Each structure stands twice: as structure tokens, then as C-alpha cells.
Amino acid sequence: DAIREFYENWSRDYDSDLLLAIGYVGPEIAAEALAKRVGKTALVLDAGCGTGLVGIELIKRNFDLTIDGIDLTPAMLEQSRSKGAYRKLNIADMCGPLFEIDDDVYDGAVCAGVFTNGHVGPDGIDELIRVVKPGAPVVLTVRDSAWEADGFKDKVEQLEESGKTRTVEISHSPYHTKEDVFCELVVLEVI
Ligand SMILES: C[S@@+](CC[C@H](N)C(=O)[O-])C[C@H]1O[C@@H](n2cnc3c(N)ncnc32)[C@H](O)[C@@H]1O
């Protein structure tokens with residue numbers, strides 16, 4: 001509830017605050033990593049889509065993608081809706097099962113800015129793997145302060161050890177370019 005309230009209050013100023021003030025590049029790097037790994041007419045999921053910055057970055061790279069978005073916060077989804085990049089936008093809590101999405105639906109998934117301190121924990125990755133087709137990519141940004149401390153590094157290793165994913169890439173990348181904050185850009189292939 002606290003996270004939802006926080007983003008309800010921030011939804012209108014989020015884009016200008018993040019892009020201009022702190023140089024947030026999560027959407028760009030995540031969209032780039034996904035767009036080059038899916039087909040031209042792929043159906044992709046933007047999990048924790050927020051105001052739709054990832055959708056815009058995906059469409060810039062490939063106008064023919066079909067993009068669905070989910071997020072916890074209705075006011076953020078409204079901002080996404082106004083961007084016009086998404087087919088469907090639904091409320092969902094990534095801390096639990098994504099009941100409304102069947103297995104193996106998407107040709108890829110992306111999640112930027114959500115795997116960070118105090119938001120969604122590493123187990124949120126399980127549902128992204130479930131809804132993506134075998135062989136398809138799941139792209140995540142994980143803020144570096146959460147990567148080891150909150151168990152994301154261990155989770156990614158466990159997923160590979162248990163044969164659920166293949167780790168394609170883990171890159172230490174700029175995240176808030178005006179604040180010297182980094183993230184791990186993670187690309188998994190679902191097995
Ligand atoms: C920093 S914003 C990132 C939004 C967008 N992906 C971007 O990169 O600009 C974090 C988003 O995660 C959403 N969020 C936080 N907890 C969530 C949860 N449990 N389930 C789904 N979305 C959640 C918030 O509502 C917010 O829109």
C-alpha cells in the first residue's frame with residue numbers, strides 16, 4: 001500500500017523528475033536489450049510499466065511490437081495509457097502470482113526499475129519466466145544496491161542451476177547517470 005501511494009503521488013511528475021533530474025536510463029537500456037532479441041512483430045510484456053517509458057523506448061526501436069503492460073499503481077498506468085504505446089494495461093501485483101496471465105504467452109518480457117530496494121523481491125522473476133515462451137528473453141534491471149543484498153544474484157544463479165533459465169548477459173550498467181548509480185542489466189533465456 002505504501003509503494004502504491006508513493007507512486008500515486010508521483011505519477012504526474014515522474015517522467016520529468018527521473019529523466020531530467022537524475023538521468024534515469026533504465027528504460028533505454030532494458031528496451032535495447034529486449035528489442036534486439038525478439039522478432040519484428042513480437043508480443044512482449046512490460047512488467048511494472050509505470051508511466052510507460054519502456055514502451056516508448058521499445059516502439060522507437062521496433063514500431064511493430066505489441067506491448068502489454070502491468071503495474072501495481074493505477075495512476076502510473078493512466079500515464080502509460082496516455083503514451084499510446086501499449087495494447088493492454090492492467091493492474092497486477094508482481095509480489096504474487098499473475099493470475100490473469102496464462103503460461104507461455106509472451107515472446108519476451110522486460111522489467112525496468114522494479115527490482116530495486118523495497119519494491120519487488122527476487123521471487124517476482126518466477127512469474128515473468130512462467131508467462132514467457134521457452135527460448136524467449138526476460139530482461140531485468142536490478143539496482144546494484146539490491147543485487148546481492150536482496151538476493152537477486154543468488155536467484156539468477158539458482159534459476160540457471162535448476163535448469164529454468166540460461167543467463168545470457170549480466171552487465172554492470174549506468175542507471176541514474178547524473179547520480180553515479182548503477183544497475184545490473186540481466187538477460188535470461190527461458191528454457
Ligand atoms: C521506478 S518505477 C519504474 C517504472 C518503469 N518501468 C520505468 O522504468 O520507468 C517502479 C514501478 O514499479 C511499480 N511497482 C512497485 N511495486 C510493484 C508490484 N508489487 N507489482 C507491480 N508493480 C509494482 C510502481 O507502481 C512503479 O510504477
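Q: Contact means heavy atoms within 4.5 Å; with that in mind, against which elements do the buried residues of helix H5 pack in this predicted model?
A: The buried residues of H5 pack against helix H1 (2–10), helix H2 (14–21), strand S2 (66–71) and strand S3. Helix H5 itself covers residues 74–83, and the buried residues in it are Ala75, Met76, Leu77 and Ser80. Just after the helix comes Gly84, whose phi is positive, near 75°.

Q: Why is Leu77 called buried?
A: A residue counts as buried when its relative accessible area is under 20%. Leu77, which has its place in helix H5, has a relative accessibility of 4%, and therefore it is called buried.

Q: Which residues are in contact with Leu77, once its neighbours within four places in sequence are left aside?
A: With those neighbours left aside, Leu77 is in contact with Cys49, Gly50, Ile70, Asp71, Leu89, Asn90 and Ile91. As for Leu20, it is 57 residues away from Leu77 in sequence, and the two C-alpha atoms are 21 Å apart in space.

Q: What makes the protein chain as compact as a globular protein of its length?
A: The chain, which has eight helices and seven strands, has a radius of gyration of 15 Å, and the globule rule gives 16 Å for 191 residues; the two values are close, so the chain is as compact as a globular protein of that length. Along its principal axes, the C-alpha trace spans about 40 × 35 × 30 Å.

Q: What share of the residues counts as buried, and how much area does the chain expose?
A: Of the 191 residues, 51% count as buried. The chain exposes about 8,900 Å², and carbon and sulfur atoms supply 49% of that area. Among contacts between residues at least 6 apart in sequence, 69% join residues at least 24 apart.

Q: How many positive and negative side chains are there?
A: There are 19 positive and 35 negative side chains, and the centres of these two sets lie 5 Å apart.

Q: How do you know that strands S1 and S2 pair?
A: Two strands pair if at least two bridges are found between them. Strand S1 (residues 43–47) and S2 are joined over five bridges, in the parallel sense, so the condition of at least two is met. One of the residues involved is Leu43, whose bridge partner in S2 is Thr66. Strand S2 is also mostly covered, with five of its six residues buried.

Q: Which strands pair with strand S7, and in what sense?
A: Strand S5 (residues 137–143) pairs with S7 in the antiparallel sense over seven bridges, and ten bridges join S6 to S7, which also run antiparallel. Cys183 in S7 takes part on both sides, as Arg143 stands opposite Cys183 and Ser173 has Cys183 as its bridge partner. Strand S7 is mostly covered, since eight of its ten residues are buried.

Q: What makes Asp180 stand out in its phi angle, and is the residue buried or exposed?
A: Most residues other than glycine have a negative phi. Asp180, however, has a positive phi near 60° although it is not a glycine. The residue is found in the loop between strand S6 (165–176) and strand S7 (181–190), and the hairpin of these strands has four residues between them. Exposed means over 50% relative accessible area; Asp180 has 61%, and therefore it is exposed.

Q: Why is Asp104 called partly exposed?
A: Partly exposed lies between the limits of 20% and 50%. Asp104 has a relative accessibility of 40%, so it counts as partly exposed. This residue lies in the loop between strand S3 (88–91) and strand S4 (108–115), and it has a positive phi of about 55° although it is not a glycine.

Q: How do you know whether Ile101 is buried or exposed?
A: Ile101 also lies in the loop between S3 and S4. The limit for buried is under 20%, and Ile101 has a relative accessibility of 13%, so it counts as buried. With its neighbours within four places in sequence left aside, Ile101 is in contact with Leu45, Ile70, Tyr106, Arg130 and Val131. Ile101 and Trp10 are 91 residues apart in sequence, and their C-alpha atoms are 27 Å apart in space.

Technical notes: Residues numbered from 1 in each chain as written. Predicted model: local features only at pLDDT ≥ 70, side-chain atom pairs only at ≥ 80, totals over all residues. Heavy atoms only, no water. Helix = DSSP H or I, 4+ residues; strand = E, 2+ residues; numbered from the N terminus. Rg over C-alpha atoms; globule rule 2.2 N^0.38 Å. Buried < 20%, exposed > 50% of the residue type's maximum accessible area, 1.4 Å probe, protein only. Contact = heavy atoms within 4.5 Å. Areas by Shrake-Rupley, 256 points an atom, 1.4 Å probe, with all protein chains shown as cover. Lys, Arg positive; Asp, Glu negative; His and termini not counted. Charge placed at Lys NZ, Arg CZ, Asp CG, Glu CD.
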